[in-house]
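This report looks at nonpolar packing and at backbone angles in one model. The sequence and structure come before the discussion.

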Amino acid sequence: MASHGNKSEEEAAISEAPNTPISTIVIIIAMQTEALPLVNRFQLTEDLDSVFPEGVPWVRYRGVYKDLNINLIWPGKDSTLGVDSVGTISASLVTYASIQALKPDLIINAGTAGGFKAKGAVVGDVFLAADCAFHDRRIPIPVFDMYGVGLRQAHSTPNLVKELNLKVGKLSTGDSLDMSPHDESSISANDATVKDMEGAAVAYVADLLKVPAIFVKAVTDIVDGEKPTAEEFLQNLAAVTAALDNTVTQVIDFINGKCLSEL
């Protein structure tokens, strides 16, 4: 991945091992509801001898599928409130810890997202993000403003997009489920088709540690629609999670046996 449109580092990293098949992948998923269908699909087992620091709620499911070592990482439940540890902080922490412990060849950040009908999104669509940026880090000072947006390119996957006929769009990330007027302005500036609460944080850490990452996002709610976001999200979560599960499975099948440069 490369930041701010500079792809030279990503291209250099790929060129170092162009003929090495992808072996180890890490899938970062924020919610248990999103994670369990994939755990069951790939017959992953929970790692009880955790590679993570003692006391953290982070959960690793692991298994082997064809030629791939699959690690699915879920940030777990908040120890006080018992809800999924969603948002950019947990996403950053588990991404960093997973890279340090597992040395993946590729990260897949999969999850649900809000979509924008103005950009053609409908509930049930699954998008592959072309790039990720933040919409709630507003720093109106030259250069710091660009840092706040934190634009990062996803790993280029033209063959994957063509083979699976995936929709592609820009992803905007923030720590709120709703959308304030300030957020709306920033999301528009980011030219986003989908918005989530983790992607750009995962992208930041992956870029920092030079691990390629891709982002698979399934639309549960229409942000610029007429229904309240929280209501529509909960109403569609189960059905859209099934669509996410199917697409991520197809992505993993495609990745198997391939090199990064073949994606």
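Ile-27 touches Ile-70, Asn-71, Leu-72, Ile-73, Ile-108, Ala-110 and Ile-252, leaving aside residues up to four places away in sequence, where contact means heavy atoms within 4.5 Å. The model is a predicted one, in which local features need pLDDT of at least 70 and side-chain atom pairs count only at pLDDT 80 or more, while totals for chains, interfaces and linings use all residues. Residues are numbered from 1 along each chain as its sequence is written, and side-chain values use heavy atoms, with hydrogens and water left out.

Ile-27 is also one of the residues touching the most other members of the largest nonpolar core, which has 34 residues; such a core is a set of buried Ala, Val, Leu, Ile, Met, Phe, Trp, Tyr and Cys residues joined through side-chain atoms within 4.5 Å. Buried means under 20% relative accessible area, exposed over 50% and partly exposed in between (1.4 Å probe, protein chains only). Among the elements that each supply at least two residues of this core are strand E1 (24-28), strand E4 (68-74) and helix H8 (229-255), and H8 gives the most, with 7 residues. Helices (H or I, at least four residues) and strands (E, at least two) are DSSP runs numbered from the N terminus.

Two residues that are not glycine have a positive phi.

| Residue | Phi | Loop between | Relative accessibility |
|---|---|---|---|
| Val-143 | about 75° | E6 and helix H4 (144-149) | 61%, exposed |
| Lys-210 | about 60° | helix H7 (199-208) and E10 | 45%, partly exposed |

Most residues other than glycine have a negative phi.
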